[in-house]
Amino acid sequence: MRRNALPKALHRYFWDVDAKRLNIRKYRQFVIERILEFGDERATRWLRRTFGDDAIRQVVCQSRRISKRTANFWCLLLNIPKERVTCLSKRSLNPLKDFWSN
């Protein structure tokens, strides 16, 4: 396996891209988000070994693509204060409410 390649067992989580050609280093945030959101225990073990908890923390804090449920789970698991997580902020939770209410 190439160093920057996705293991074949994880291709099923990347149904919308060519998983064989996906460079996991170049598209690190996308790979982490997808595995956090849809991965099973085996996939998340691979993710933690490959990228480390610090990279995962960074993605959890910055991502707007993961669900609130996923963000809350990883906050608990990795001891991340919820105030640091973008997708859990009030502004992110209701982005159109203020705009459309005028």
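**Exercise 1. The surroundings of Ser 63**

Leaving aside neighbours within four places in sequence, which residues is Ser 63 in contact with? Work this out on the predicted model, then say where Ser 63 sits and whether it is buried or exposed.

*Solution.*
- Step 1: find the residue. Ser 63 belongs to the loop that links helix 3 to helix 4 (68-78).
- Step 2: list the contacts, skipping the neighbours within four places in sequence. You end up with Gln 29, Glu 33, Thr 86 and Cys 87.
- Step 3: check the side chain. It gets to the backbone nitrogen of Ile 66, at 3.4 Å. With a cut-off of 3.5 Å for a polar contact, that distance of 3.4 Å is within the limit.
- Step 4: look at accessibility. Ser 63 has a relative accessible area of 0%, so this residue is buried.

**Exercise 2. Two helices that pack**

Take helix 2 (residues 41-51) and helix 3 (residues 53-62), and work out how they are oriented and which residues meet.

*Solution.*
- Step 1: get the geometry. The axes are 7 Å apart and the angle is about 105 degrees.
- Step 2: classify the angle. The range from 65 to 115 degrees counts as roughly perpendicular, so helix 2 and helix 3 are roughly perpendicular to each other.
- Step 3: name the residues. Helix 2 brings Leu 47, Arg 48 and Phe 51, while helix 3 brings Asp 53, Ala 55 and Ile 56.
- Step 4: sort them by class. The contact of helix 2 with helix 3 has four nonpolar residues, two charged ones and no polar ones.

**Exercise 3. Hunting for disulfides**

Count the disulfides, and explain why Cys 61 is not bonded to Cys 75.

*Solution.*
- Step 1: recall the chemistry. A disulfide covalently joins the sulfur atoms of two cysteines.
- Step 2: test Cys 61. Its closest cysteine sulfur is in Cys 75, at 6.7 Å, which is too far for a bond; the cut-off is 2.5 Å.
- Step 3: test Cys 87. Here the nearest cysteine sulfur is again that of Cys 75, 7.5 Å away, and Cys 87 is in no disulfide.
- Step 4: total up. The count is zero disulfides.
- Step 5: add accessibility. Cys 61 is buried at 8% relative accessible area, and Cys 87 also counts as buried, at 6%.

**Exercise 4. The whole chain**

Describe the overall make-up of the protein: how many helices and strands does it have, and what share of its residues is buried?

*Solution.*
- Step 1: count elements. There are six helices and zero strands, which read along the sequence as α-α-α-α-α-α.
- Step 2: take the buried share. It is 37% of the 102 residues.
- Step 3: check contact range. Among contacts between residues at least 6 apart in sequence, 38% join residues at least 24 apart.

How values were computed: Residues numbered from 1 in each chain as written. Predicted model: local features only at pLDDT ≥ 70, side-chain atom pairs only at ≥ 80, totals over all residues. Heavy atoms only, no water. Axes fitted to C-alpha atoms, helices over the stretch in contact; angles between N-to-C directions. Helix = DSSP H or I, 4+ residues; strand = E, 2+ residues; numbered from the N terminus. Parallel < 35°, antiparallel > 145°, perpendicular 65-115°, else oblique. Contact = heavy atoms within 4.5 Å. Nonpolar A, V, L, I, M, F, W, Y, C, P; charged D, E, K, R; others polar. Buried < 20%, exposed > 50% of the residue type's maximum accessible area, 1.4 Å probe, protein only. Polar contact = N/O pair within 3.5 Å; in protein donor to acceptor, adjacent residues only side chain to side chain.
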